[in-house]
Amino acid sequence: MSDFNILVLHGPNLNLLGTREPETYGSKTLHDINAEIATLANTFNASISTAQSNHEGELVEYIQQAKQQNIDGIIINPAAYTHTSVALRDALLAVNIPFIEVHLSNTQQREDFRQKSFLADAATGIVAGFGSTSYMLALQGLMTHLQHKES
Ligand code: DQA
């Protein structure tokens with residue numbers, strides 16, 4: 001049995017990774033990234049479920065369901081909803097599951113509207129700017145956080 005259950009959520013347009021603005025988001029597909037996350041999760045004896053949606057309400061539902069599914073931690077790249085979504089923030093606060101906010105790009109180096117995150121101050125941590133490696137660093141950080149909570 002796994003020690004921890006982790007949910008990885010990807011927001012809008014991340015289904016297009018691989019062809020979407022590769023100079024900003026890299027050339028790996030979402031499928032490649034999910035496979036790398038799952039491989040790393042094995043080394044932590046963690047089980048991973050992944051989901052992507054282009055719809056805010058659907059992402060809210062995934063977060064709400066995480067409570068019933070005994071998810072211990074969430075890694076979320078909310079994509080454009082980072083900068084707009086009170087609903088995602090409220091859902092994450094409602095379930096009270098530790099989460100890490102992830103971005104492929106360094107949003108702080110980009111347009112002004114990307115500087116604001118509605119989630120960041122409620123997150124356990126934020127990782128941005130390392131391309132797909134941001135997700136791996138997020139998993140490593142989340143696992144350390146959860147392991148410390150246990151002891
Ligand atoms: C992103 C950054 C967001 O500003 C943008 O809307 C995305 C992707 C990233 O991973 O760098 O869709 O979250």
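**Figure 1. The ligand sits in the largest pocket of the protein.** The model shown is predicted. The volume of this largest pocket is about 180 Å³. Its lining is made up of 17 residues. Those nearest the centre of the pocket are Arg 20, Tyr 25, Ala 79, Ala 80 and Arg 114. By class, the lining of the largest pocket comprises seven nonpolar, seven polar and three charged residues.

**Figure 2. Twelve residues form the shell around the ligand, in three classes: four nonpolar, five polar and three charged.** The residues around the ligand include Arg 20, Arg 110 and Arg 114. Also among them are Tyr 25, Ala 79, Ala 80 and Leu 104. The list is completed by Asn 77, His 83, His 103, Ser 105 and Thr 107.

**Figure 3. Side chains of Asn 77, His 83 and His 103 make polar contacts with oxygen atoms of the ligand.** For Asn 77, a side-chain N or O atom is 2.8 Å from an oxygen atom of the ligand. For His 83, the distance from a side-chain N or O atom to a ligand oxygen is 2.7 Å. His 103 places a polar side-chain atom 2.8 Å from an oxygen atom of the ligand. The ligand taken alone exposes 320 Å², and the protein buries 99% of that area.

Methods
Residues numbered from 1 in each chain as written. Predicted model: local features only at pLDDT ≥ 70, side-chain atom pairs only at ≥ 80, totals over all residues. Heavy atoms only, no water. Near = heavy atom within 4 Å. Polar contact = N/O pair within 3.5 Å; in protein donor to acceptor, adjacent residues only side chain to side chain. Areas by Shrake-Rupley, 256 points an atom, 1.4 Å probe, with all protein chains shown as cover. 1 Å grid on protein atoms, 1.4 Å probe; cavity = no way out; pocket = protein on both sides within 12 Å on 5 of 7 lines; lining within 4 Å. Sits in = over half its atoms within 2 Å of the grid points. Nonpolar A, V, L, I, M, F, W, Y, C, P; charged D, E, K, R; others polar. Points joined across faces, edges and corners; volume = space filled by probe spheres on them.
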